[in-house]
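Trainee: Got a minute to go through this one with me? I have some quick questions.
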Amino acid sequence: LDAAGVKADSVITPVLQDLSGEKEVAMSGASDLNINVNSRGQSVKSLMAASNGNLKLNVGEAVLHGVDAEYFVRKAVTGYLQDKNQQVPETWKGVYQPKQTSALKTARATATITNGVIDNRDLLLESSRFKITGAGQVMLPVEKIDYRLVVDLNPANAKTAAERLLDVPVPVKVKGNFTAPVIDIERSAWIKNIGGSLAAEKKKQVTQAIEQKKQQKAEEVNKKVEEKKQEVKSKMEDAVKDKLKGLFGR
């Protein structure tokens, strides 16, 4: 199959809904689809198990529905900080918006199929607000998935430490049966990245404190130098006045 302008709603949306378990998740747009698969068998299951080939999907500009990436990351950051006994206002997490839509600049993926196992290494969904990359396998004969996504937000504000943590990419594992996949953050990898970010944040704070101390010290030194100058100037002026008085006194 080599098709251009295929509606993503009919091709991609069912897959997204099966993987996420959410009916709100959908994609709209025109996709270019290339499928080259060979198989043989006398049942759907045997056909899936014997399928080999490759596929390519390029939606280009599209609209992703029902994926509130920022809420997902904010919720994760809030939970992590609360685990560390750091207070975060509940309102900071925000509210999940199931009808969230995101205009995608890029939506593409390629995959190889070997004995019914779809192997993808280059999923890319990119908008102005986030980038989602993905790699993993979909095992058709046993109806299982083992996939890893990385959600990388582009936060609008990064003034506080918590806001800057939103900029740390979040790895997400999607694993299990098609009917009930488990979707969860890969905490070990993410916490390692968070730790690095927090260490950088701490280093930045220490550096700022040192620079502030240096500046304060320099200001104190300059103030003392200026005071000394004024003192010397005053003494010199007094000495000149005394000399003048002595001259006029004669």
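Trainee: Where does Glu143 lie?
Mentor: This is a predicted model, to start with. Glu143 sits in the loop between β8 (130–139) and β9.
Trainee: What is the phi of Glu143?
Mentor: About 55 degrees. That is a positive phi, although Glu143 is not a glycine.
Trainee: Why does Glu143 count as partly exposed?
Mentor: Because its relative accessible area is 43%, and partly exposed covers the range between 20% and 50%.
Trainee: What about Asn115, what is its phi?
Mentor: Near 50 degrees, a positive value in a residue other than glycine. Asn115 is placed in the loop between β6 (101–114) and β7 (117–127). Its relative accessibility is 46%, so Asn115 counts as partly exposed.
Trainee: Back to β9. How many bridges join β9 to β10?
Mentor: Eight. Strand β9 spans residues 144–153, β10 spans 170–177, and they run antiparallel. As for one pair, Ile145 has Gly176 in β10 as its bridge partner.
Trainee: And how many bridges join β10 to β11?
Mentor: Four, again with the strands antiparallel. Strand β11 covers residues 182–185. Lys173 has Asp184 in β11 as its bridge partner.
Trainee: What joins β10 to β11 along the chain?
Mentor: A hairpin, through four residues.
Trainee: New topic. Which residues form the nonpolar patch on the surface?
Mentor: Leu1, Ile35 and Val37. Together they have about 250 Å² of accessible area.
Trainee: Which strand does Ile35 lie in?
Mentor: Strand β3, residues 30–38. Ile35 counts as partly exposed because its relative accessibility is 31%.

How values were computed. Residues are numbered from 1 along each chain as its sequence is written. This is a predicted model: local features need pLDDT of at least 70, side-chain atom pairs count only at pLDDT 80 or more; totals for chains, interfaces and linings use all residues. Side-chain values use heavy atoms; hydrogens and water are left out. Patches are made of residues with over 30% relative accessible area and no salt bridge: like charges are joined within 9 Å, nonpolar side chains (Val, Leu, Ile, Met, Phe, Trp, Tyr) within 5 Å. Accessible areas come from the Shrake-Rupley method with a 1.4 Å probe; for residues, only the protein chains shown count as cover. A salt bridge is a side-chain nitrogen of Lys or Arg within 4 Å of a carboxyl oxygen of Asp or Glu. Helices (H or I, at least four residues) and strands (E, at least two) are DSSP runs, numbered from the N terminus. Buried means under 20% relative accessible area, exposed over 50%, partly exposed in between (1.4 Å probe, protein chains only). Two strands pair if DSSP finds at least two bridges between them.
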